[in-house]
Amino acid sequence: MTMQPLAQAPRALLAGVKAVLTDIDDTLTLHGRLPAEAYDALWKLRRAGIKAVPITGRPAGWCDLIARQWPVDGVVGENGAFYFRYDEAAKKMIRVYAQTAEVRRANTERLWKIARRVLRDFPGTAIASDQAYREIDVAIDFCEDVPPLPLATAQKIAGAFHAEGAAAKVSSIHVNAWFGDHDKLTMSKRFLAESFDIRIQTELDRIAYCGDSPNDAPMFAVFPLGIGVANIRPYAKLMAHLPNYVTAGECGHGFAEFVDAVLMARHA
């Protein structure tokens with residue numbers, strides 16, 4: 001499978017988008033920052049009445065702020081462990097988890113035993129600096145706040161968690177690990193159905209997913225309008241499923257490019 005330039009995406013497919021799901025790191029952000037173009041693109045989606053939902057490996061603490069302060073309709077965080085949606089009318093944060101609090105506590109103890117061994121076995125790694133704000137998973141930093149390690153090392157780290165029965169996904173900066181059968185796709189389906197009565201099963205062509213790295217592959221396998229920002233290319237050989245389309249721009253600039261294409265198709 002090859003990724004086609006975004007310019008080749010059918011206009012009718014772009015014009016029909018009613019929800020945009022998007023990764024955050026290196027999809028919305030650029031060198032760790034949220035560029036103005038990407039933030040403005042989220043506002044453009046809101047003004048157009050298109051749902052915007054970050055689907056991220058980032059922690060609960062960050063997701064609470066994003067759900068409150070960004071122009072988004074909710075957030076799926078920690079790789080599908082929960083969704084948060086801020087009800088502006090009721091001034092209330094709605095929090096839905098894949099696991100009970102008791103199960104989360106038990107799983108956390110098991111995860112940390114593995115994580116401490118991973119840090120010993122893979123010199124140069126560290127616990128991610130956002131770990132204090134996580135509720136479910138453990139994030140091992142191999143590229144964000146430590147000198148970058150090879151992607152092959154990140155894959156070996158994921159393998160160490162898999163060997164202990166944990167789930168693990170490699171992003172562009174972290175290896176996220178957890179116990180449980182939740183994932184980005186499962187919680188995205190639940191969020192859209194429970195919050196907006198949008199059913200992925202019957203409205204697949206009207207939902208777009210934007211991403212940049214191997215942990216986005218399961219989402220690209222499902223959505224016909226899968227969009228990779230240009231910096232996905234170095235990971236292409238490592239991914240079982242690629243997006244159907246790729247932007248010319250990298251990171252948040254590529255996301256903004258996609259949003260502009262959707263809005264132009266609507267008004268064509």
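**Stop 1: the cavity**

Select Asp23, Asp25, Gly57, Ser171 and Asn215; these residues lie nearest the centre of the largest cavity, out of 14 that line it. The model you have open is predicted. Show the enclosed space next. The structure holds one cavity of 30 Å³ or more, and the space in the largest cavity comes to about 90 Å³. Now colour the lining by class. Eight of the lining residues are polar and five are charged, with one nonpolar residue.

**Stop 2: helix 2 against helix 8**

Two packed helices are described by the angle between their axes and the distance between the axes. Select residues 36-47 for helix 2 and residues 251-266 for helix 8. Their axes lie 8 Å apart, at a packing angle of about 25°. That angle makes helix 2 roughly parallel to helix 8, because angles under 35 degrees count as roughly parallel. Turn the view so that one helix lies over the other: helix 2 passes helix 8 in a left-handed crossing.

Now show side chains. On helix 2, pick Glu37, Ala38, Ala41, Leu42, Lys44 and Leu45. On helix 8, their partners are Gly252, His253, Phe255, Ala256, Val259, Asp260 and Leu263. Which classes make up this contact? Eight of its residues are nonpolar, two are polar and three are charged.

**Stop 3: helix 4 against helix 5**

Move to residues 101-121, helix 4, and residues 151-163, helix 5. The two axes come within 10 Å and cross at roughly 145°. Is the crossing of helix 4 and helix 5 left-handed or right-handed? Helix 4 passes helix 5 in a right-handed crossing.

Select the contact itself. Helix 4 supplies Leu111, Ile114, Ala115 and Val118. Helix 5 supplies Ile157, Ala160 and Phe161. Colour this set by class: seven residues are nonpolar, and there are no polar and no charged ones.

**Last look**

Put the three selections side by side. The cavity lining has eight polar and five charged residues. The contact of helix 2 with helix 8 includes three charged residues. The contact of helix 4 with helix 5 has no charged residues.

Notes:
Residues numbered from 1 in each chain as written. Predicted model: local features only at pLDDT ≥ 70, side-chain atom pairs only at ≥ 80, totals over all residues. Heavy atoms only, no water. 1 Å grid on protein atoms, 1.4 Å probe; cavity = no way out; pocket = protein on both sides within 12 Å on 5 of 7 lines; lining within 4 Å. Points joined across faces, edges and corners; volume = space filled by probe spheres on them. Nonpolar A, V, L, I, M, F, W, Y, C, P; charged D, E, K, R; others polar. Axes fitted to C-alpha atoms, helices over the stretch in contact; angles between N-to-C directions. Helix = DSSP H or I, 4+ residues; strand = E, 2+ residues; numbered from the N terminus. Parallel < 35°, antiparallel > 145°, perpendicular 65-115°, else oblique. Left-handed = near helix turned anticlockwise from the far one by under 90°. Contact = heavy atoms within 4.5 Å.
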